[in-house]
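This report describes how a single protein chain is held together, taking its nonpolar interior, its surface and its charged pairs in turn. Please read it alongside the sequence and the structure shown here.

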Amino acid sequence: MKELEVEDPSDSRGFKQQANIHCAYCNGTYKADGKELQNWDHPKGMHLPHAFDQPNVHPDLYDPRRNQNHRESIILDLGHFGVDVKATDLQTMSNNLTLMYRQMITIAPCAQLFFGKPYCVESGPRPGQGAIENIPHTLVHIWIGIVRGSNLGDGKKSNGRTQQEKDAKEEMLTFRNLAYVERKNLMFGPHVIKPVEKFQLAITELLEDIGLEDEDTIVVTLVLKTGGELVAIESVVIELLDC
């Protein structure tokens, strides 16, 4: 694959072309003979896959530039963003399971929130990624990889909705036209974002949990944890999205 990338960059079998396919269609699943499927969100799969950690057995899969502190049986932190958190293995696994519940259930009750927005001519190159593509997918790359608050004011919302109305429409916290230095990811609270025209978070369950579901307005504060020296957000609104 890497040879094809040099000899014929347009060949779809080449390394870069395959990477492009992954980025465009990473929401799907496929079967590949001989490839190891790592179940990251199961305690038994929360570590670097063994095939990628055996330089003498699989030299083509081993990369010495990876974070050497995250090899062998070290428990993967699905919420990792460049800084190792001091925790027991049990605590890390518990945190991972909590994170997966949030990404798959709490903030992804609708198909487009889970899989991401559809690609179409009108949407542009970044219509909006799905919950799992955002986290933990991005953070697993950071965990394996090489070592190295702003107040948005009041967001008007719908209140007093019945359970039937909640099941039909999800309340979405929508940030429009995010812009910042290219190739630098941002992390606001538990969410990693990239430059997009629209970034959305499902908040119906969250509003119930913190007792704000019947409020007319809420104050939204972004807690910037990493990146974002130059960040611009055009606007933030709360919308209702069909589920």
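The largest nonpolar core comprises 14 residues, and those with the most contacts inside it are M46, L76, L78, L99, V140, W143 and I144. Helices α3 (89-106) and α5 (131-144) each supply at least two residues of this core, and the largest share, five residues, comes from α5. Apart from this core lies another, of 11 residues, which includes L201, L207, L222 and I238. The model is a predicted one, and local features are therefore described only where pLDDT is at least 70.

Within the largest core, L99 can be followed in more detail: once its neighbours within four places in sequence are left aside, L99 is in contact with L78, G79, I135 and P136. L99 is also among the buried residues of α3, together with T92, M93, N96, M100, Q103 and T106. Helix α3 itself has 18 residues and reaches 24 Å from its first C-alpha to its last, which is close to the 26 Å expected at 1.5 Å a residue.

Nonpolar side chains also appear on the surface, where Y101, M104 and I105 form a patch with about 290 Å² of accessible area together. Y101 has its place in helix α3, and with a relative accessible area of 46% Y101 counts as partly exposed.

The charged pairs come next. The count comes to four salt bridges, and three of them are listed here with the separation of their N and O atoms.

| Salt bridge | N to O distance |
|---|---|
| D53 and R71 | 2.6 Å |
| K166 and E213 | 2.3 Å |
| K169 and D242 | 2.4 Å |

The side chains of D53 and R71 meet in a salt bridge. Both D53 and R71 lie in the loop between α2 (15-25) and α3, so the pair ties together parts that are 18 residues apart in sequence. D53 is buried, with a relative accessible area of 11%.

A second salt bridge brings together the side chains of K166 and E213. K166 lies in helix α6 (residues 163-168) and E213 in the loop between α7 (204-209) and β6 (217-222), so this pair ties together parts that are 47 residues apart in sequence. The two partners differ in burial, because K166 has a relative accessible area of 12% and is buried, whereas E213, at 26%, is partly exposed.

K169 forms a salt bridge with D242. Here K169 lies in strand β2 (residues 169-180) and D242 in strand β8 (residues 231-242), so the pair ties together parts that are 73 residues apart in sequence. K169 counts as partly exposed at 32% relative accessibility, while D242 is exposed, with a relative accessible area of 54%. Elsewhere, salt bridges that share partners join K166, E208 and E213 into one network.

Taken as a whole, the protein has a secondary structure of seven helices and eight strands. Buried residues make up 33% of its 243 residues, and its accessible surface comes to about 15500 Å², of which 54% belongs to carbon and sulfur atoms.

Key: Residues numbered from 1 in each chain as written. Predicted model: local features only at pLDDT ≥ 70, side-chain atom pairs only at ≥ 80, totals over all residues. Heavy atoms only, no water. Core = buried A, V, L, I, M, F, W, Y, C linked by side-chain atoms within 4.5 Å. Buried < 20%, exposed > 50% of the residue type's maximum accessible area, 1.4 Å probe, protein only. Helix = DSSP H or I, 4+ residues; strand = E, 2+ residues; numbered from the N terminus. Contact = heavy atoms within 4.5 Å. Patch = residues over 30% accessible without salt bridge, like charges linked within 9 Å, V, L, I, M, F, W, Y side chains within 5 Å. Areas by Shrake-Rupley, 256 points an atom, 1.4 Å probe, with all protein chains shown as cover. Expected span 1.5 Å × (residues − 1).
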